[in-house]
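Biologist: Hi! Could you pull up the complex so we can go through it together?
Modeller: Sure, here it comes.
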Amino acid sequence: MPDTPYLLAAVAVSAAVTWALRALPFAALAPLRASSTVQYLSTRMPAGIMVILLVYCLRDLLLTETRALAPVIALAVTVGLHLWRRNALLSILGGTAVHVALASLVFTA
Amino acid sequence: MPIRTPVVGAPDRPVDPLPVATIPAPVAPPRAVTPPALSALKDSATVGLALVPLGLAFGVLVTQADLAWWWATAFSAFIYAGSFEFLLIGLVVAVAPLGTVALSAFLVNIRHVFYALSFPLHRVQGRTAKAYSTFALTDEAFALATGARARAWPGRRIVFLQLYMHLYWVGGATLGGLLGSLVPEGVTGLDFALTALFTVLALDAIRDRLHDLPTPALALLSAVIARVLTPSQMMLAACSLFAVALVVRHFASRHFAKRQPDDRLSADRRPADLIPADEMPAALVPADERPADLIPADDSPADRRSVERRPVDRARNPHA
């Protein structure tokens, strides 16, 4: 079991690394903001990074196992709900509820 | 004549301890009186509120890992990096060395380096506000602040939005930590809330740029290649591949555009120049819709352009 000093240190280290990665690039990139290449990147990165994060979440999906059906079906429900109602909260709650139901009751490991 | 959105022109007020009185616009249409704190509350109602169930899921996972409930609060308040916090539970339960924790934080969060390219920190005024804004620069804050709707948001509205999302996340996590023991044994899969959140953010970001489907396609390709070739450092590899692919595409389209006849250039420039950026619906503004080569060197993203062109707008619309 992790003790409190270790957990505090883990939180401090994680917070420092995360904040540094978020804050320092602004100083480094400030002189580049006028560059047309940076502007080209800046308008296109957001959509692409969200796609990468989605794939990252699904990185351990083993399509050969039936267990993978739970996230695949839940993903389809999330996408379907979002294209239908465009309500972020509804899509996330719906998709997660379907996943919890399937992973806990149907495709138990 | 379209009604100007006065919020666009309002100077950002600093959030730090020295508030500067803002001179109200002489003619203030009703939308001007909506304070940024209130607008941000409305902005946070969609994707932001989704952080509550996500935080709940995180809090439940913390207690399921046999950690005290308040670690859910501590993690979410001080680290505030959703996807990494889910990963961190597994690391600390295994009492991983702090060096491993630091390296994992670095590899999972390295994508934030790229956020500085698009996030409108230049609109946020004041050292404290800027510092907090970078601290709270999560994927969700980035997605909302760089979306088509956010092009005219002043800095204060963005910082308040970040603050609300931070509170939703901490509140959800704390509640999840407190209620976690009530969740029956065998209930799993709550972590899908994170996948669902990124699904929604990706769909919204793609819908903002339906004219530019090669971008999400390149990102998907980069992510799949990175997953296959470097599974342990997928995030870093995918973001780098994607950035390189975009740079190559930029120079390729520029090279290609140079072969186009010159008369296209003036014709393409005209609409954007005649309509002030802040009077167009945000979805119609994309400066990058035109071939890269046709964008003037000083053509910044719409948010800055709306500020830079203000004197011209004033000259054209003396009533504004």
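Biologist: How many of the contacts in chain A between residues at least 6 apart in sequence join residues at least 24 apart?
Modeller: In this predicted model, that share is 44% for chain A.
Biologist: And what's the share in chain B, for residues 24 or more positions apart?
Modeller: There, such pairs account for 77% of the contacts with a separation of 6 or more.
Biologist: Okay, back to chain A. Which helices and strands are there?
Modeller: Chain A has four helices and zero strands, so the pattern along the sequence reads α-α-α-α.
Biologist: Why is chain A more spread out than a compact globule?
Modeller: Its radius of gyration is 20 Å, while the globule rule gives 13 Å for 109 residues, so the chain comes out well over that value. Along the principal axes, the C-alpha atoms of chain A fill a box of roughly 55 × 45 × 30 Å.
Biologist: What fraction of chain A is buried?
Modeller: Buried residues are 42% of its 109 residues. In chain B, with 320 residues, the figure is 45%.
Biologist: Nice. What about secondary structure in chain B?
Modeller: Chain B has 16 helices and zero strands.
Biologist: Let's switch to the interface. How many residues does each chain put in?
Modeller: Chain A gives 61 residues and chain B gives 86. On the chain A side, helix 1 (4-29), helix 2 (36-57), helix 3 (69-85) and helix 4 (88-106) each give two or more.
Biologist: Which helix has the largest share there?
Modeller: Helix 2 of chain A, with 22 residues.
Biologist: And what's the chemistry of that side, by class?
Modeller: The side of chain A that touches chain B has 43 nonpolar, 15 polar and three charged residues.

Key:
Residues are numbered from 1 along each chain as its sequence is written. Chains are lettered from A and ligands numbered from 1 in the order in which they are written. This is a predicted model: local features need pLDDT of at least 70, side-chain atom pairs count only at pLDDT 80 or more; totals for chains, interfaces and linings use all residues. Two residues are in contact if their C-beta atoms, placed from the backbone, lie within 7 Å. Ala, Val, Leu, Ile, Met, Phe, Trp, Tyr, Cys and Pro count as nonpolar, Asp, Glu, Lys and Arg as charged, and the others, Gly among them, as polar. A residue is buried if 20 or more other C-beta atoms lie within 10 Å of its own, exposed if 12 or fewer, and partly exposed in between; C-beta atoms are placed from the backbone. The radius of gyration is taken over C-alpha atoms; the globule rule is 2.2 Å times the number of residues to the power 0.38.
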